[in-house]
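Work through the exercises below with the sequence and the model open. Each task is followed by a solution in steps.

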Amino acid sequence: MCLRKRSGYRPPDLINAKIYTGPIPAEREGELAMGGGRSETSALSGTGGGRDVTTTQNSQRPNACCFCWCCCCSCSCLTFRNEEERRKRRRKRISQDTKMETIPNCEACTKPSVEEIRLWSQSFDKLMRNPAGRNVFREFLRTEYSEENMLFWLACEDLKKEINKGTIEEKARSIYEDYISILSPKEVSLDARVREVINRKMQEPAPHTFEDAQLQIYTLMHRDSYPRFLSSSIYKSLIHGGSRTSSES
């Protein structure tokens, strides 16, 4: 079997699998009677009663590669599929009540220039390194009900700056309760491996406790949200507005 063992993971197709207990097809009865699909030929030779036995494997075997390919394909899309489902559930929750009233709407920053705004389209790194760029991207994420991805990333950045042990433990537990716990309305989408790493590190919280999770969320925003941001009306209005202002001056 070419499937790799994954901690805490079960392929979706096997969750509700049932054992087949129906009648055996006629073409399989002969194989079972011969010893589970094997054929054996014996011949006595010579006076010593020696025996020559030839055993051949049945050429018909189940094709495990098809199942393996399907499973691996579903694994590669699992994070993005979970993100989409989580976004839909979050949209319903926020329509009823919101828990982000105490979170600042934006970081303190200066107004970006036209050149800076255009640089944001060159790479996601340039966008995330700019405070004004993060504010605009966060505004876009809010329209997609996935603002918690940026909030989690910012909280991890803030934790890395701490040196006081008591403050580190307090902030680490706050981040866990707000963004890692499955009971939180702001839970971010992480795979089982990263969650296990976090649970181990939370026994002794440190500034880099959520490093793996932060990287995974950063990658998710880069691949999933960033392309849509560049084609959004929010970003296009900034480009057109900046160009119009520069031409008038």
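Of the 249 residues of the protein, 31% count as buried. The model is a predicted one.

**Exercise 1. Describe the overall make-up of the protein: how many helices and strands are there, and in what order do the elements run?**

Step 1. The protein has two strands and 11 helices.

Step 2. Read from the N terminus, the order of elements is α-β-β-α-α-α-α-α-α-α-α-α-α.

Step 3. Take the contacts between residues at least 6 apart in sequence: 62% of them join residues at least 24 apart.

**Exercise 2. Check the length of helix H7 against the expected span, and state which of its residues are buried.**

Step 1. H7 covers residues 147-160, which is 14 residues.

Step 2. The expected span is 1.5 Å times one less than the number of residues, so H7 should span 20 Å.

Step 3. The end C-alpha atoms of H7 are 21 Å apart, in agreement with the expected span.

Step 4. Buried means under 20% relative accessible area. By this cut-off 10 of the 14 residues of H7 are buried, and the helix is mostly covered.

Step 5. The buried residues are Glu 147, Glu 148, Asn 149, Met 150, Leu 151, Phe 152, Trp 153, Ala 155, Cys 156 and Leu 159.

**Exercise 3. Determine how H7 packs against helix H8, and classify the residues of the contact.**

Step 1. Two packed helices are described by the angle between their axes and the distance between the axes.

Step 2. For H7 and H8 (residues 165-180), the angle is about 170 degrees and the axes are 10 Å apart. Angles over 145 degrees count as roughly antiparallel, so H7 is roughly antiparallel to H8.

Step 3. On the H7 side the contact involves Glu 148, Leu 151, Phe 152, Ala 155, Cys 156, Asp 158 and Leu 159. On the H8 side it involves Ile 168, Lys 171, Ala 172, Ile 175, Tyr 179 and Ile 180.

Step 4. By class, the contact of H7 with H8 has 10 nonpolar, no polar and three charged residues.

**Exercise 4. Describe the contacts of helix H6 with H7 and with helix H10.**

Step 1. The axes of H6 and H7 cross at roughly 140 degrees and come within 7 Å.

Step 2. H6 contributes Arg 134, Phe 137, Arg 138, Leu 141 and Arg 142, while H7 contributes Glu 147, Met 150, Leu 151, Trp 153 and Leu 154. The residues of this contact divide into six nonpolar, no polar and four charged.

Step 3. H6 and H10 (residues 211-230) pack at about 90 degrees, with their axes 10 Å apart. H6 is therefore roughly perpendicular to H10.

Step 4. In this second contact, Val 136, Phe 137, Phe 140 and Leu 141 of H6 meet Met 221, Ser 225, Tyr 226, Arg 228 and Phe 229 of H10. The contact of H6 with H10 has seven nonpolar residues, one polar and one charged.

**Exercise 5. Classify the ring pair of Phe 124 and Phe 137, and state which parts of the chain the pair ties together.**

Step 1. The structure holds 10 aromatic pairs.

Step 2. The ring centres of Phe 124 and Phe 137 are 5.5 Å apart and the ring planes stand at 75 degrees, so the pair is edge-to-face.

Step 3. Phe 124 belongs to helix H5 (residues 124-129) and Phe 137 to H6 (residues 131-143), so the pair ties together parts 13 residues apart in sequence.

Step 4. Phe 124 and Phe 137 are both buried.

Step 5. Ring pairs link Phe 124 and Phe 137 into a cluster with Phe 140, Trp 153, Tyr 218, Tyr 226, Phe 229 and Tyr 235.

**Exercise 6. Place Tyr 145, Glu 170 and Ser 181 in the model: are they buried, partly exposed or exposed?**

Step 1. Tyr 145 lies in the loop between H6 and H7. Its relative accessible area is 26%, so Tyr 145 is partly exposed. Phi of Tyr 145 is near 60 degrees, a positive value in a residue other than glycine.

Step 2. Glu 170 is part of helix H8. Its relative accessibility is 59%, so Glu 170 counts as exposed. Between Glu 170 and Pro 205 there are 8.9 Å from C-alpha to C-alpha, and the two are 35 residues apart in sequence.

Step 3. Ser 181 is in the loop between H8 and helix H9 (192-201). At 18% relative accessibility, Ser 181 counts as buried. Setting aside neighbours within four places in sequence, Ser 181 is in contact with Tyr 176 and Glu 187.

Note on methods
Residues numbered from 1 in each chain as written. Predicted model: local features only at pLDDT ≥ 70, side-chain atom pairs only at ≥ 80, totals over all residues. Heavy atoms only, no water. Helix = DSSP H or I, 4+ residues; strand = E, 2+ residues; numbered from the N terminus. Buried < 20%, exposed > 50% of the residue type's maximum accessible area, 1.4 Å probe, protein only. Phe/Tyr/Trp six-rings, centres within 6.5 Å; stacked < 30°, edge-to-face > 60°. Axes fitted to C-alpha atoms, helices over the stretch in contact; angles between N-to-C directions. Parallel < 35°, antiparallel > 145°, perpendicular 65-115°, else oblique. Contact = heavy atoms within 4.5 Å. Nonpolar A, V, L, I, M, F, W, Y, C, P; charged D, E, K, R; others polar.
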